[in-house]
Amino acid sequence: MEKKQFKAESKRLLDLMINSIYTHREIFLRELISNASDAIDKMYYKALVDESLTFNKDDYFIKISIDKDNREIKISDTGIGMTEEELDDNLGVIAKSGSLQFKKENEEKDGHDIIGQFGVGFYSAFLVAENVTVISKAFGSDKAYKWESTGVEGYTIEECEKATVGTDIILKLKDNNEDENYDEYLNEYTLRNLIKKYSNFITYPIKMDITGSKVKEGTENEYEDYVEEQTINSMVPIWRKNKNELTKEDYENFYKEKHFGFDNPLKHLHISVDGAISYNAILYIPENMPYDFYTKEYEKGLELYSKGVLIMNKCGDLLPDYFGFVKGIVDSEDLSLNISREVLQHDRQLKLIAKNIKNKIKGELENMLKNHRDDYEKFYKAFGRTLKFGVYSDFGKDKEVLQNLLMFYSSKEKKMVTLAEYVERMAEDQKYIYYASGESIERIEKLPQTELVADKGYEILYFTEDIDEFAIRMLMNYKEKEFKSVSSGDLGIEEKDNENESSKDDDNKELYEAMKNVLASRVVKVKTSKRLKNHPVCLANEGDLTIEMEKVLNSMPDSEGVKADKVLEINTNHEVFNALRDAFSNDKEKFNLYTELLYNQALLIEGLSVADPVEFSNGICKLMK
Ligand code: ADP
Ligand code: MG
């Protein structure tokens, strides 16, 4: 029979599975049971919504059997099954394309043990088996097929016999070796404990034949073994359980069983609402950002159940985009099973649930911020950006929801602070919430524009992300305090020598006009700076569009070359200014050169690029001669 090859990526994953020295081999059972349960979900749902199908709830179960003599474990389900094509498609390739990449990244960091941190689906069978056979009969098909593989060499598929719809997965265990005793998986009690540990809340019965011992009939103290089929799991879905009965570990296991993330959740919320709407939910705030979170591929959403039956894997309408990182499930009695995606979008109940969930998440985050600051900062590091996008999107529709969750780095505290904390600390004579934008904290610290504000003793918030200034613009103010960029024309800081300054402008009027002529449209104005102490020049801006925003907008793919109105500010107390004035009176060519150099310096400080670096360099050389 022809052997088919695994897709390249799958092959590498398989190789890792088979060869890694690894302590969490036992998760294979969780993965296979989870697949069996998914397959029954699909079947069950079909039977429920299709009037022509009759069914009995007892028809749906998972059975685990052990064959000690042949060293085999069998996991059977009465799910929807797979056709020949589906066997080929689904088992020949890794379902989650990111898994491998993630694993490689982390393996480099942590060695081999990382595999157990997350599910790898079907392939985990190869953690314990040297040979895996899948016998499946799909719903609606009269033929059954057998898929078989011993690992990386590939797999075969052939027709076979199977009486009922569903799937059997048969694992031929590896030989024991020094490190690993695979025989333990042939032990009823080991398997029973694993089912309880990882799969207790699966909603279908997981059955096993359990051997007991009883007094032999007709005797008084002679014992004999007997075998009895038992349901091992509790079957009550975890979200229907009472919070008090559940441990942190239960929630973490559920998170992993559902593949909500590769990490442990930072926080879980177990919600039971009864009233105008009723639903149960378990929501998780992950600790780490999914590797694809800020890409188009990332799909937000919660698993949606109606009366315990899965109706949608990822219901995006349950979460606002800015809480798109939340994982979990929602089960409601109020939703009809037979509902299509389009109708669901407009469903009133669903909207109410979504609103309720939004408030719960908000409340939980606020609670975390207040009572578990370290956790919140960890969270914010991963997902703060999406909150800021939330403030900005839809014309600030939800800014009220989110403003208290924002944090920025503070010049004074040297750590992340909230807006409320900033306002609380504001000096009495301080009008604005000041911020400075730049690529990094280190760069902002060195910005000349911050000098005056910092000198006044005012706190400055550092905006290091593209979105920051846009979000703040949308917010406009916080507790009636407006935001003010340290680069803006009017800082709202009254200086006693204000008049002196403007008279200085008068003194230097001709000089500034001459500079403006040299720079032409590159600046709108040249003037004396009120904010500089130690630096000779800086750029400020007039109007709404700041230089930082110009940078961001121009870095977008379809940017139209927007331009902030830049003002070149000169520090008249700096000794360079004397040289400039001297040149202005005595040497026009030198004056032009100085003007160019000063302007370009200001650009560089601002993190903008110099239009003609060669020219700039030549200019400096000319000076040095
Ligand atoms: P995932 O469960 O995340 O999709 P897996 O690697 O666990 O990834 O499984 C791959 C696919 O194989 C599943 O999506 C499903 O289509 C199919 N599959 C696996 N096990 C079964 C089963 N017992 N019955 C039906 N289909 C299955
Ligand atoms: Mg799976």
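Two strands pair if DSSP finds at least two bridges between them. With that in hand, the exercises below work through a predicted model.

**Exercise 1.** Describe the open sheet of eight strands, and say which strands stand at its edges.

*Solution.* Begin with the order of the strands, which is E5-E4-E3-E6-E2-E1-E7-E8, with mixed pairing. Strand E5 (155-160) and strand E8 (223-231) have a single partner strand each, and one side of each is therefore left without a neighbour in the sheet. From one strand to the next, the twist averages 25°.

Next, look at one pair in detail: strand E7 (residues 206-215) and E8 run antiparallel and are joined by nine bridges. Within this part of the sheet, Ser-213 stands opposite Asp-225, which belongs to E8.

Finally, add the helix that packs on the sheet, namely H5 (residues 188-199), which touches strand E1 (62-67), strand E2 (72-77), E7 and E8. The direction of H5 makes about 135° with that of E7.

**Exercise 2.** Decide whether Ser-199 is buried or exposed, and list its contacts beyond its neighbours within four places in sequence.

*Solution.* First place the residue: Ser-199 is found in helix H5. Its relative accessibility is 1%, and since buried means under 20%, Ser-199 counts as buried. Once its neighbours within four places in sequence are left aside, Ser-199 is in contact with Arg-30, Ile-33, Leu-194, Ile-206 and Asn-233.

**Exercise 3.** Explain why strand E12 is described as largely enclosed by the rest of the structure, and describe its pairing with E11.

*Solution.* Strand E12 covers residues 309-315, and five of its seven residues are buried, so the strand is largely enclosed by the rest of the structure. Its pairing with strand E11 (residues 302-306) is antiparallel and rests on four bridges. One position can be followed by name, since Tyr-305 has Leu-310 in E12 as its bridge partner. E11 and E12 form a hairpin with two residues between the strands, where Lys-307 takes a positive phi near 50°. As background to that last step, most residues other than glycine have a negative phi.

**Exercise 4.** Find which residues of helix H16 are buried, and work out how they are arranged around its axis.

*Solution.* In H16 (residues 509-519), the buried residues are Leu-511, Tyr-512, Ala-514, Met-515 and Leu-519. Viewed down the axis of H16, these buried residues fall within an arc of 160°, so they line one face of the helix. The general spacing helps here: an α-helix has 3.6 residues a turn, so residues three or four places apart point the same way. On the other side of H16, Glu-510 and Asn-517 are exposed. Just after the helix comes Ala-520, which takes a positive phi of about 50°.

**Exercise 5.** Describe how helices H14 and H17 cross, and show how far H14 is enclosed.

*Solution.* The axes of helix H14 (residues 466-475) and helix H17 (residues 547-554) come within 9 Å and cross at roughly 120°. Because angles of 65 to 115 degrees count as roughly perpendicular and those over 145 as roughly antiparallel, this value makes H14 oblique to H17. The crossing of the two helices is left-handed. Where they meet, H14 contributes Asp-466, Glu-469, Phe-470 and Arg-473, while H17 contributes Glu-548, Met-549, Val-552 and Leu-553.

Turning to burial, seven of the ten residues of H14 are buried, so this helix is largely enclosed by the rest of the structure. The buried residues of H14 are Ile-467, Asp-468, Glu-469, Phe-470, Ala-471, Ile-472 and Leu-475. H14 is followed by Met-476, which has a positive phi near 65°.

**Exercise 6.** Describe the setting of Leu-491 and state its burial.

*Solution.* Leu-491 lies in the loop between strand E19 (481-485) and helix H15 (498-507). At 7% relative accessibility, Leu-491 counts as buried. Leaving aside neighbours within four places in sequence, its contacts include Tyr-432, Tyr-434, Leu-452, Val-453 and Arg-531.

**Exercise 7.** State the phi values of Asp-394 and Phe-395, and decide whether each residue is buried or exposed.

*Solution.* Asp-394 lies in helix H9 (residues 373-396), and Phe-395 is found in H9 as well. Although it is not a glycine, Asp-394 has a positive phi of about 50°; Phe-395, not a glycine either, has a positive phi of about 55°. Asp-394 counts as exposed at 52% relative accessibility, and Phe-395 is exposed with a relative accessible area of 78%.

Note on methods:
Residues are numbered from 1 along each chain as its sequence is written. Chains are lettered from A and ligands numbered from 1 in the order in which they are written. This is a predicted model: local features need pLDDT of at least 70, side-chain atom pairs count only at pLDDT 80 or more; totals for chains, interfaces and linings use all residues. Side-chain values use heavy atoms; hydrogens and water are left out. Buried means under 20% relative accessible area, exposed over 50%, partly exposed in between (1.4 Å probe, protein chains only). The arc is that of the directions from the helix axis to the C-beta atoms. Axes are lines fitted to C-alpha atoms, for helices over the stretch in contact, and angles run from 0 to 180 degrees between N-to-C directions. Contact means heavy atoms within 4.5 Å. Angles under 35 degrees count as roughly parallel, over 145 as roughly antiparallel, 65 to 115 as roughly perpendicular and the rest as oblique. A crossing is left-handed if the near helix is turned anticlockwise from the far one by less than a right angle, and right-handed if clockwise.
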